[in-house]
Each structure stands twice: as C-alpha cells, then as structure tokens.
Amino acid sequence: MTGMLASVASLDEARLIASLGVDIIDLKQPAAGALGALPVVDVARIVAALGHNHTLSATVGDLPMAADSVVPAVVAMAVTGVDYVKIGFFPGGDWAGVIGALRPHTAAGGRLVAVLFGDCGPELAWVARLAAAGFAGAMLDTADKSRGSLRTVCEPGFLRGFVAETRRHGLLCGLAGSLRAADIAPLLALQPDYLGFRGALCGGNRVGAIDLEATRLIIDQVHTP
C-alpha cells in the first residue's frame, strides 16, 4: 500500500501532521528552495519531540553537487536522529563523486534518499548506482515549482520506468512535486512506496501554513483510493 509523506516547516506543523497519522513526516524549509533545509537545531528539537513514535526525514538543502558541500551537510543532519536524510541531485556538478563520498555513511548504517528532479531530465541509470552505493531510496520531485506537478513535467512512461527501476534495485520509491488531489489516483496506480505533499496541504501555497481540512482531504484520497 502506498503511504504518504507530508513536508512540515516547524514543530507545530509536525505535531499537527503526526496527529493525523501520516506515514512520513518530512522536515524542510519550503521558503529556502525545492529542498530547503531547516536548521539542524530545529530538526533535532522535532526529533526529540516526535522521533520515537514517527518516521521522520529531513532535507539538507539546495546544495551544489560537490562532495565537500553535500557530505558535511548529510553528516550534520544525520546526527539529529532523523530516520532518512534526503539529498537533492541537482543538474551539473559531480554526481558520481558525491555518491562515492557517501558510501562510508551508508556502510555505517546511514539511510539516505536521493531526490532526482523530473523537470531536469534525470537518467534512470543513476538508480542502479545509488543502490550500489547503499542508498535506502530514491524519489522524483520537481525543482521548478512554477511548472506544475510531477505529472505535468514527466511523461507517464518515464514515471512508470522510475518506479520499476527503483523496485528492481530494492530501493524505497517516492513520487512528489507540486502534487494535487487530481494526481493521486494516477500515481497510486504506479504503486510507489509513498507520495509526497506540501503545497496541496497549504491550499496551494507551499510556503504558507498547513491547512487542516486540505490535509485531511489529501490523506483520505491517498489512504482510500
């Protein structure tokens, strides 16, 4: 069964989402970019409040693809105790170098999720390299939130291929990116492990506050297709 990830920007939002039974609570700062990071001290505070009873993930920010930028950010975020650390694989830079530099972290038990951006034309061949390096999961998101949802910027065949490739390599599979209520049924049909939301929980404004009724609507559609 496909679960639901909800991105939150504060302890208050995390507590609200936790009360609604969402599967993964994702800690990020939407105002700071596609994968804007919350301060490590704030993440640690949320983990202390909720971490024993809920699955938490956290992003490390919109960083350049260079090992000397990514690795320290991953290590610092992992120390907070979140279950998963999410890393955005943005166009350009040294993807292979970053993946290689993170092998010691995954070998030591760190659970990393690579976020590829569907509107940037990622190659599915990277999924196998992520799996070989010990990553726990891979997800598709969108970098430019003004272009519409993931289903707007990606062909159905590409989405099917991404889910199939992550499954083939035993990775946790997520789909996100300005998803709306209308996107839920078509994406559930692909059977990813989870669908991720932020804007739809905030009445369409991803940098606004989470709206309780909007969130309940999304939860109902994800959990009762």
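How much area does the protein chain expose, and what share of it do carbon and sulfur atoms supply? The protein chain exposes about 9,200 Å², and carbon and sulfur atoms supply 53% of that area. The model is a predicted one. The points below go from the whole chain to its cores and then to single residues.

**Overall form**

- The protein chain contains 10 helices and 8 strands.
- Its radius of gyration is 16 Å, close to the 17 Å that the globule rule gives for 225 residues, so the chain is as compact as a globular protein of that length.
- The C-alpha trace spans about 45 × 40 × 30 Å along its principal axes.
- Of the 225 residues in the protein chain, 51% are buried.
- Among contacts with a separation of 6 or more, 67% join residues that are 24 or more positions apart.
- The protein chain has 17 positive and 20 negative charges, and the mean positions of the two groups are 3 Å apart.

**Nonpolar cores**

- The largest nonpolar core has 64 residues.
- The members that touch the most other members of this core are Met 4, Leu 27, Ile 87, Phe 89, Phe 135, Leu 175 and Phe 197.
- Apart from this core lies another one, of 12 residues, which includes Leu 5, Ile 24, Val 113 and Val 115.
- Leu 175 can serve as an example from the largest core. Neighbours within four places in sequence left aside, Leu 175 is in contact with Leu 140, Leu 150, Phe 162, Val 163, Leu 187, Leu 190, Pro 192, Tyr 194, Leu 195 and Gly 196.

**Phe 117, a residue in a strand**

- Phe 117 is part of strand β5.
- With a relative accessible area of 1%, Phe 117 falls under the 20% limit and therefore counts as buried.
- Beyond its neighbours within four places in sequence, Phe 117 is in contact with Ala 34, Leu 35, Gly 88, Phe 89, Phe 90, Pro 122, Asp 141, Thr 142 and Ala 143.
- Phe 117 and Cys 154 are 37 residues apart along the chain, and their C-alpha atoms are separated by 9.8 Å.

**Glycines in loops**

- Gly 199 sits in the loop between β8 (194-197) and α10 (212-223). Its relative accessible area is 17%, so Gly 199 is buried.
- Leaving out neighbours within four places in sequence, Gly 199 is in contact with Gly 204, Asn 205 and Arg 206.
- In sequence, Gly 199 and Pro 30 are 169 residues apart, while in space they are 9.3 Å apart, C-alpha to C-alpha.
- Gly 110 belongs to the loop between α5 (103-107) and β5 (112-117). This glycine is also in a loop, and Gly 110 is buried, with a relative accessible area of 18%.
- Gly 110 and Phe 162 are 52 residues apart in sequence and 23 Å apart in space, C-alpha to C-alpha.
- Gly 148 is in the loop between β6 (137-141) and α7 (150-153). Its relative accessible area of 24% lies between the 20% and 50% limits, so Gly 148 is partly exposed.
- Neighbours within four places in sequence aside, Gly 148 is in contact with Thr 142, Gly 177 and Ser 178.
- Gly 148 and Val 113 are 35 residues apart in sequence and 23 Å apart in space, C-alpha to C-alpha.

**Residues with positive phi**

- Ser 178 is a residue other than glycine, yet its phi is positive, near 50 degrees.
- The loop between β7 (172-175) and α9 (181-188) holds Ser 178. Its relative accessibility is 29%, so Ser 178 counts as partly exposed.
- Ser 178 is also one of the contacts of Gly 148.
- Gln 191, another residue that is not glycine, has a positive phi near 60 degrees.
- Gln 191 lies in the loop between α9 and β8. At a relative accessible area of 56%, Gln 191 is over the 50% limit and is therefore exposed.

Terms used
Residues numbered from 1 in each chain as written. Predicted model: local features only at pLDDT ≥ 70, side-chain atom pairs only at ≥ 80, totals over all residues. Heavy atoms only, no water. Core = buried A, V, L, I, M, F, W, Y, C linked by side-chain atoms within 4.5 Å. Buried < 20%, exposed > 50% of the residue type's maximum accessible area, 1.4 Å probe, protein only. Contact = heavy atoms within 4.5 Å. Helix = DSSP H or I, 4+ residues; strand = E, 2+ residues; numbered from the N terminus. Rg over C-alpha atoms; globule rule 2.2 N^0.38 Å. Areas by Shrake-Rupley, 256 points an atom, 1.4 Å probe, with all protein chains shown as cover. Lys, Arg positive; Asp, Glu negative; His and termini not counted. Charge placed at Lys NZ, Arg CZ, Asp CG, Glu CD.
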